[in-house]
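Q: Please take a close look at one part of this model. I am new to it, so set that part in its wider context too.

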Amino acid sequence: MYDQWSEVVIVLTQKSDTDSGIKGMAQTSARISYGFMCLTLCWGVFTATGWIKSLTGRKALRSSHMVLGILTLSFGVVHAMSFLFLPDGFTLAQVTIPLLPGTLARHELGVIGLEVMIAVALTGGISRFSSYRRFLWIHRLAYPAVAITALHAFFGAMANGHLGLLWFGGITLLVPAVLLTALRFTPTRYLERLGLVEELV
């Protein structure tokens, strides 16, 4: 009886061909989530400022921003949960509770970034039941969450040996998001001096 159980344990803990499939799913979902995250931030800036309101209505802008955010979170959750199925993967606590002892800093950045984004998305759904200032303060936490998640992606690519070409694509997606965020918080008078407001509004 003991021998049978030991054989079962050995089979369950051995690495199989599905491990590479799960790792591939984790990497692919992370990359797709990262791309949607950058697009969501850019589209959110356009929505908040109204810079492209002439192309479509404000309601369409907000709806598309929400769709991009949901796609970002969906692929982010798939990325996080896929680590539960690896033999040397994480426990549910490590995937959901930030700052646990013994967890690598790059993984902690991912947990914190994803959970802050989920909190921002949930408060977006209840914005009509709260004051606009409180909603705006919580919603602006998405900016540091994007920065934290970008750091997680950078350190993850470095640890997996994919920093070169992969991070070139990551920077390509991150630069417009950072530029639009900087323009979003730049005082209007400076944008007027540069002539950017007349071109964008």
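A: What follows starts with the two cysteines, moves to a nearby-numbered glycine and a surface patch, and ends with the whole chain.

This is a predicted model, where local features need pLDDT of at least 70, side-chain atom pairs count only at pLDDT 80 or more, and totals for chains, interfaces and linings use all residues. Residues are numbered from 1 along each chain as its sequence is written, and side-chain values use heavy atoms, with hydrogens and water left out.

Take the cysteines. A disulfide is a pair of cysteine sulfur atoms within 2.5 Å. By that rule the count is 0 disulfides. Cys-38 stays unbonded because its sulfur is 6.8 Å from the closest cysteine sulfur, in Cys-42, too far for a bond. Cys-42 is likewise in no disulfide. Cys-38 has 1% relative accessibility, so it counts as buried. Here buried means under 20% relative accessible area, exposed over 50%, and partly exposed in between, with a 1.4 Å probe and protein chains only. Cys-42 is buried as well, at 11%.

Next comes Gly-50. It sits in the loop between α2 (17-49) and α3 (58-82). Helices (H or I, at least four residues) and strands (E, at least two) are DSSP runs, numbered from the N terminus. Gly-50 has 16% relative accessibility, so it too counts as buried. Its C-alpha is 8.9 Å from that of Leu-61, 11 residues apart in sequence.

Helix α3 also holds Val-77. Val-77 is partly exposed because its relative accessibility is 34%. Together with Ile-118 and Leu-122, Val-77 forms a nonpolar patch on the surface, with about 240 Å² of accessible area. Such patches take residues with over 30% relative accessible area and no salt bridge, joining like charges within 9 Å and nonpolar side chains (Val, Leu, Ile, Met, Phe, Trp, Tyr) within 5 Å. A salt bridge is a side-chain nitrogen of Lys or Arg within 4 Å of a carboxyl oxygen of Asp or Glu.

Now the record. An unreviewed UniProt entry annotates "transmembrane region" at residues 32-52, 64-86, 109-129, 141-159 and 165-183. Such annotations may be inferred rather than shown by experiment. In the model, residues 64-86 are 83% helix and 0% strand, with end C-alpha atoms 34 Å apart. Residues 141-159 are 95% helix and 0% strand, and their end C-alpha atoms lie 27 Å apart.

Finally, the whole chain. It has 10 helices and 0 strands. Of its 201 residues, 30% are buried.

Conventions: Areas by Shrake-Rupley, 256 points an atom, 1.4 Å probe, with all protein chains shown as cover.
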